[in-house]
Amino acid sequence: MQAIRVHPAPSSCDPYSPSNPAPVSALHLDKDVPIPKLSKPGELLIRLKATTVIRDMLTWPESYTREYAIMGNDLSGTVVKSFGGSSKFKPGDEVFGMTHVDRAATWAEYTIAKEEEIALKPKSLTWEQAAAFPLSAHTAYEALFVHADVPVPSVDASLKSKARSSHKKQKILITGAAGAVGIYLVQLASAAGLHVVAATSCNARNQDFLRSLGADGTIEYALLDGHQPDFDIIIDAVGGDVLARCWACVKGDGTLVSVDSASYDFVKEHERRGIRRAGVRALFFIVTGSSETLHYLAELAERGILGSRVVQTYPFDRVREAYEHANGRYTGRGKVVLIN
């Protein structure tokens, strides 16, 4: 099968690692990679239609757990077979999902997924939209409903939430709101009945789009300086200086969550810099995902409550270009997708 693999560093160089990331030139489309074999009950062989490219993937520890690693977690495709021929999924089923962070291998013609990692693909989504959905939507779900402790609304309640804007109580600020995770945060927070303020680098470019997702208001990052601490929840998808500014905007007993991969130790770093505020619950997390969550998100997508966006698609043989695109500060809205 074809698979995109991270080739090792030349013998004259230090081995690649999160502190010495592989350059994009280390990504190779190899043609004769063995098709993975099923080995445990609950495993499924999936033929890939599409997967995604995430910013900074070559800095993730999971990219260096073995030589010639195949990256990628998002997937959409068809079931080829199941271990022992026994599964709730049957060959030919169109599915989508996200493999566990420790089992990345979706940049390939075939991959193995567990039953609890996939669901039937919503008919309303294309293969590309379905692949763009799981990791980002899961991350938004867990940030909002697990780590910020917002009650999960029923699908029917989500349909009605936009008609209850006057009853919205908790106020949430979402940074990177027009980005890959941010667009799901805005949609889910609106569906949960929160008062959503979407932070963006440029209101002129993004305001109408963010309001169409369900934002009640928008604010540019520059205006966060000196803002009143009136947000119950802030979920950051940007990091850096934007995340540092968020401390002054969250209530004294509020919650500050970052999903930016470079901000994994932001609480300790901000405490060292003297900007951490006592009383604020602050954390970074790594998404885990679950079958129950994926089925819930799929139903929201099928009912038109949650939309998926693709900014650009690339074939496997243009993976280096796709990775450079994903790592640039592009102005498009959505995910960079690889198609097989």
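**Exercise 1.** Which backbone oxygen does the side chain of threonine 51 reach, and at what distance? Place threonine 51 in its strand and describe its surroundings.

*Solution.* The model under study is predicted.

Step 1. The side chain of threonine 51 reaches the backbone oxygen of aspartate 74, at 2.7 Å.

Step 2. Threonine 51 belongs to strand 3, which spans residues 43-53.

Step 3. The relative accessible area of threonine 51 is 0%. Buried means under 20%, so threonine 51 is buried.

Step 4. With neighbours within four places in sequence set aside, the contacts of threonine 51 include Asp74, Thr106, Trp107 and Ala131. Phe316, Val336, Val337 and Leu338 are also in contact with threonine 51.

**Exercise 2.** Determine how strand 16 is paired with strand 3 and with strand 15, and state how far strand 16 is covered.

*Solution.*

Step 1. Strand 3 and strand 16 run antiparallel and are joined by 4 bridges. Within this pairing, threonine 51 has leucine 338 of strand 16 as its bridge partner.

Step 2. Strand 15 (residues 310-315) pairs with strand 16 in the parallel sense, over 5 bridges. Here glutamine 312 has valine 336 of strand 16 as its bridge partner.

Step 3. Strand 16 covers residues 335-339, and 4 of its 5 residues are buried. Strand 16 is therefore described as mostly covered, by the cut-off of under 20% relative accessible area.

**Exercise 3.** Give the strand order of the open sheet of 6 strands and explain why strand 11 and strand 14 each have one side without a neighbour in the sheet.

*Solution.*

Step 1. The order is 11-10-9-12-13-14, and the pairing is parallel.

Step 2. Strand 11 (217-220) and strand 14 (281-284) stand at the edges. Each has a single partner strand, so one side of each lacks a neighbour in the sheet.

Step 3. From one strand to the next, the twist averages 20°.

Step 4. At one edge, strand 14 is joined by 4 bridges to strand 13 (residues 250-258), and the two run parallel. Leucine 283 of strand 14 is the bridge partner of valine 257.

Step 5. Two helices can now be added. Helix 2 (residues 134-147) lies across strand 9, strand 12, strand 13 and strand 14, at about 150° to strand 13. Helix 5 lies across strand 10 and strand 11, at about 155° to strand 11.

**Exercise 4.** Classify the packing of helix 4 against helix 5 and identify the residues that make the contact.

*Solution.*

Step 1. Helix 4 (residues 182-191) and helix 5 (residues 203-213) have axes 8 Å apart and pack at an angle of about 45°.

Step 2. This angle makes helix 4 oblique to helix 5, since it is neither under 35 degrees nor in the range of 65 to 115 degrees.

Step 3. Helix 4 contributes Ile183, Val186, Gln187 and Ser190 to the contact, while helix 5 contributes Phe209, Leu210 and Leu213.

Step 4. By class, the contact has 5 nonpolar and 2 polar residues, with no charged residues.

**Exercise 5.** Describe the location, accessibility and contacts of proline 8.

*Solution.*

Step 1. Proline 8 lies in the loop between strand 1 (3-6) and strand 2 (27-30).

Step 2. Its relative accessibility is 32%, so proline 8 counts as partly exposed.

Step 3. Not counting residues up to four places away in sequence, proline 8 touches Tyr16, Glu67 and Tyr68.

Step 4. The C-alpha atoms of proline 8 and alanine 215 are separated by 45 Å, and the two residues are 207 residues apart along the chain.

How values were computed. Residues are numbered from 1 along each chain as its sequence is written. This is a predicted model: local features need pLDDT of at least 70, side-chain atom pairs count only at pLDDT 80 or more; totals for chains, interfaces and linings use all residues. Side-chain values use heavy atoms; hydrogens and water are left out. Axes are lines fitted to C-alpha atoms, for helices over the stretch in contact, and angles run from 0 to 180 degrees between N-to-C directions. Angles under 35 degrees count as roughly parallel, over 145 as roughly antiparallel, 65 to 115 as roughly perpendicular and the rest as oblique. Contact means heavy atoms within 4.5 Å. Ala, Val, Leu, Ile, Met, Phe, Trp, Tyr, Cys and Pro count as nonpolar, Asp, Glu, Lys and Arg as charged, and the others, Gly among them, as polar. Buried means under 20% relative accessible area, exposed over 50%, partly exposed in between (1.4 Å probe, protein chains only). A polar contact is a pair of N or O atoms within 3.5 Å; within protein, one must be able to donate a hydrogen and the other to accept it, and residues adjacent in sequence count only if both atoms are side-chain atoms. Two strands pair if DSSP finds at least two bridges between them.
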